[in-house]
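Thanks for coming, everyone. I'd like to walk you through a structure you haven't met yet, so have a look at it on the screen first.

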Amino acid sequence: MAEKTFDVVALGELLIDFTENGLSRQDNPLFEANPGGAPCNVLAMLRKLGRSCAFAGKVGDDMFGQQLRAVVEEAGICGDYLVTDRNARTTLAFVKKLPNGDRDFSFFRNPGADMMLTEAEVPGEVIGGSRIFHFGTLSMTHEGVRRATRHAVGCARMGGALVSFGPNLRPPLWESLEEARKQIAYGLSQCDILKIADNELEFMTGETDLDKGAAALRRQYPNIRLFNVTAGPEGSRAYYEDKRVFVPACKLGGTIEATGAGDTFCACVLNFVLEHGLDGLAEEDLTDMLRFANTAAYLVTTRKGAIRSMPEREQVEALL
């Protein structure tokens with residue numbers, strides 16, 4: 001087999017997360033422009049772990065697009081396949097933290113540059129030549145970018161890359177929840193590695209019991225070799241073959257907001273797969289994987305934003 005060009009290539013949204021950052025002297029809310037977007041968040045953490053990464057997506061020809069391109073370069077992610085759209089603006093998301101710790105998102109994306117990516121702009125050979133291809137659902141909310149995403153998945157399959165999927169459900173971005181469910185089902189049907197949140201698992205199965213929900217999806221999608229469920233402050237679970245492992249979340253206080261935590265967790269899982277593969281994993285291996293991923297995700301919650309907030313490997317190991 002030919003040598004792989006990148007460890008991980010991701011495709012999808014790259015945007016600005018405006019997160020709350022206090023009040024002005026006039027008591028108006030202040031927002032900080034944090035670079036984000038789930039697929040690129042995953043790559044940013046993988047770069048901290050020493051992995052070679054490339055990102056495929058689209059930003060606008062505006063100040064935010066220029067900021068994001070600079071951040072991708074700063075993070076050490078290959079941005080050769082990040083396209084600039086001359087007509088559509090860079091997608092913006094305003095993130096409000098709710099009293100229960102959850103978040104409410106308001107998106108400016110009608111259209112946003114990320115949803116204008118075309119099939120012709122997908123670097124198929126690069127994706128097929130990677131060890132892992134990662135994607136989510138925000139690149140499947142509209143027909144054009146959906147075709148581009150499916151083409152990318154096909155290229156990954158043809159090239160022998162493992163496929164990683166994270167739903168990252170954002171209801172306001174879908175024409176209907178039924179359409180969201182349909183596209184998540186497509187992602188589930190294509191992936192080898194899954195990272196799904198507890199609310200997304202319930203959305204797809206109707207089950208509040210995570211074990212029952214995971215069992216239902218594993219029966220329906222036997223292609224998923226490593227099935228991971230995150231439950232925020234409760235911890236995470238991994239299902240592999242006949243094994244089920246649970247590791248509690250890291251709870252040391254100081255949490256600010258959860259943006260990027262799930263993406264950080266996902267990156268740590270992919271790094272584990274790059275190190276160990278997907279064959280012959282023991283419960284001890286899965287436990288170590290979840291402990292590291294939970295700890296890294298916790299560290300991100302103590303900082304604002306995502307791409308620029310990823311911890312170093314040494315910081316995670318020191319906390320462990």
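Let's start with a pair of strands: in which sense do strand β12 and β13 pair, and over how many bridges? They pair in the antiparallel sense over 5 bridges, with β12 covering residues 236-240. Before I go on, a word on where this comes from: it's a predicted model, where local features need pLDDT of at least 70 and side-chain atom pairs count only at pLDDT 80 or more, while totals for chains, interfaces and linings use all residues. Residues are numbered from 1 along each chain as its sequence is written, and side-chain values use heavy atoms, with hydrogens and water left out.

Some vocabulary, too. Helices (H or I, at least four residues) and strands (E, at least two) are DSSP runs, numbered from the N terminus. Two strands pair if DSSP finds at least two bridges between them.

Back to our two strands. β12 and β13 form a hairpin with 2 residues between them, and E241 in the turn has a positive phi of about 50°. Across the pairing, A238 stands opposite V245 in β13. The side chains of β13 alternate: K243, V245 and V247 point to one face and are buried, while R244 and F246 point to the other and are not. By buried I mean under 20% relative accessible area; exposed is over 50%, and partly exposed is in between, using a 1.4 Å probe and protein chains only.

Now zoom out. Where does that hairpin sit? At one end of an open sheet of 9 strands, in the order β5-β4-β1-β8-β9-β10-β11-β12-β13, with mixed pairing. β5 (78-85) and β13 (243-247) are the edge strands, each with a single partner, so one side of each has no neighbour in the sheet. From one strand to the next, the twist averages 15°. As a reminder, strands of a sheet pair through backbone hydrogen bonds, either parallel or antiparallel.

Further inside the sheet, β1 (residues 8-11) and β8 (residues 132-135) pair in the parallel sense over 3 bridges. There, V9 has F133 in β8 as its bridge partner. β9 and β10 also run parallel, joined by 2 bridges, and F165 stands opposite L194 in β10.

β10 is worth a pause. How many of its residues are buried? 5 of the 5, so β10 is largely enclosed by the rest of the structure. Both of its faces are covered, with I193, K195 and A197 buried on one side and L194 and I196 on the other.

For contrast, look at D80 in edge strand β5. D80 is exposed, with a relative accessible area of 63%. Its C-alpha atom is 26 Å from that of I193, and the two residues are 113 apart along the chain.

Next, the helices. α4 (residues 143-159) packs on the sheet, touching β1, β8 and β9 (162-165), and its direction makes about 160° with that of β8. α5 (residues 177-190) lies across β8, β9 and β10 (193-197), at about 150° to β9. Contact here means heavy atoms within 4.5 Å. Axes are lines fitted to C-alpha atoms, for helices over the stretch in contact, and angles run from 0 to 180 degrees between N-to-C directions.

How do α4 and α5 sit relative to each other? Their axes come within 11 Å and cross at roughly 10°. That is under 35 degrees, the cut-off for roughly parallel, and α4 and α5 are therefore described that way. R146, R150, V153 and R157 of α4 meet E179, Q183, Y186 and Q190 of α5.

Finally, the interior. The largest nonpolar core has 55 residues, and L14 and L226 touch the most other members. A nonpolar core is a set of buried Ala, Val, Leu, Ile, Met, Phe, Trp, Tyr and Cys residues joined through side-chain atoms within 4.5 Å. A second, separate core of 45 residues includes A56, C78, V122 and V229.

One last spot: is A293, in helix α9 (residues 283-301), buried or exposed? Buried, with a relative accessible area of 0%. Beyond residues up to four places away in sequence, A293 touches F265 and C268. Okay, over to you for questions.

Terms used: Angles under 35 degrees count as roughly parallel, over 145 as roughly antiparallel, 65 to 115 as roughly perpendicular and the rest as oblique.
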